[in-house]
Amino acid sequence: MPPYRQVLGTAFEALPVELRDFHDTQAERRWVGTCDIRQGGGALARLLAALFGFPPPGIAVPLSVTVTPTALGETWTRDFGRSRLRSTQWAGKRGDARLLFEGFGPVSVGSVLLVESGRLQIIPSKGSVFGVPLPAWLLPHGEAFEASEQGCFAFDVSIHAPFVGLLVAYRGRLSLPPPDGDA
């Protein structure tokens, strides 16, 4: 079962159809679109963004997102123009709460998923580096949500690091590409 469906349970059905289609697949799928990207202005913010592989700033950057199911969850490959960001996502628990975990190399973040007013909010609540839990005050924070806009899967993500500020923010839309041979 796809991780978002596992974490959300019956609330998954309250998502707009574009979000359900994006997150409820058992086969590899590629979505395409564009996004606008901002990065923090400080040298440390730019260094951390580069270390994590976050994309450089740009307007109307071509984007493709390939979601590949795996035995444990999904691999997400995001191609922002010539920049690639790969992560893994899986369903897990913290006490009684179901969380969506995302791993970027040695860093993993567990987030609460909340469906509200037709939007899916992704709220970081737990993190670790090399398996060592991070204290709450060191967790990345920011806003992340998904929604339906004009029949497309829309996203708006900002990631801030404590003591550093904005690392990266990106927002845009995705849709399935037309089948081969269609114009």
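**Fold, surface and aromatic pairs**

From the N terminus on, the elements of this predicted model run α-α-β-α-β-β-β-β-β-β-β-β-β-β. That makes three helices and eleven strands, where helices (H or I, at least four residues) and strands (E, at least two) are DSSP runs numbered from the N terminus. The radius of gyration, taken over C-alpha atoms, is 16 Å, close to the 16 Å that the globule rule gives for 183 residues, so the protein is as compact as a globular protein of that length. The rule itself is 2.2 Å times the number of residues to the power 0.38. Along the principal axes, the C-alpha atoms fill a box of roughly 50 × 40 × 30 Å.

A few words on bookkeeping. Residues are numbered from 1 along each chain as its sequence is written, and side-chain values use heavy atoms, with hydrogens and water left out. Because the model is predicted, local features need pLDDT of at least 70 and side-chain atom pairs count only at pLDDT 80 or more, while totals for chains, interfaces and linings use all residues.

Now for what is tucked away. Of the 183 residues, 43% count as buried (under 20% relative accessible area, with exposed over 50% and partly exposed in between; 1.4 Å probe, protein chains only). Take contacts next, meaning heavy atoms within 4.5 Å: among those between residues at least 6 apart in sequence, 47% join residues at least 24 apart. Threonine 66 sits in strand E2 (residues 58-69) and counts as buried, at 15% relative accessibility. Leaving aside residues up to four places away in sequence, threonine 66 touches Glu28, Arg29, Arg30, Thr75, Trp76 and Thr77.

Trp76 also turns up in an aromatic cluster, together with Tyr4, Phe22, Trp31 and Phe153. In total the structure holds ten aromatic pairs. Rings of Phe, Tyr and Trp (its six-membered ring) pair if their centres lie within 6.5 Å; planes under 30 degrees apart count as stacked, over 60 as edge-to-face and the rest as tilted. For phenylalanine 22 and tryptophan 31, the ring centres are 5.0 Å apart and the planes are at 50°, so this pair is tilted. Both partners are buried: phenylalanine 22 has 2% relative accessibility, and tryptophan 31 has 6%. Phenylalanine 52 and phenylalanine 54, on the other hand, make a stacked pair, with 5.7 Å centre to centre and 20° between the planes. Here phenylalanine 52 is partly exposed, with a relative accessible area of 30%, whereas phenylalanine 54 is buried at 8%.
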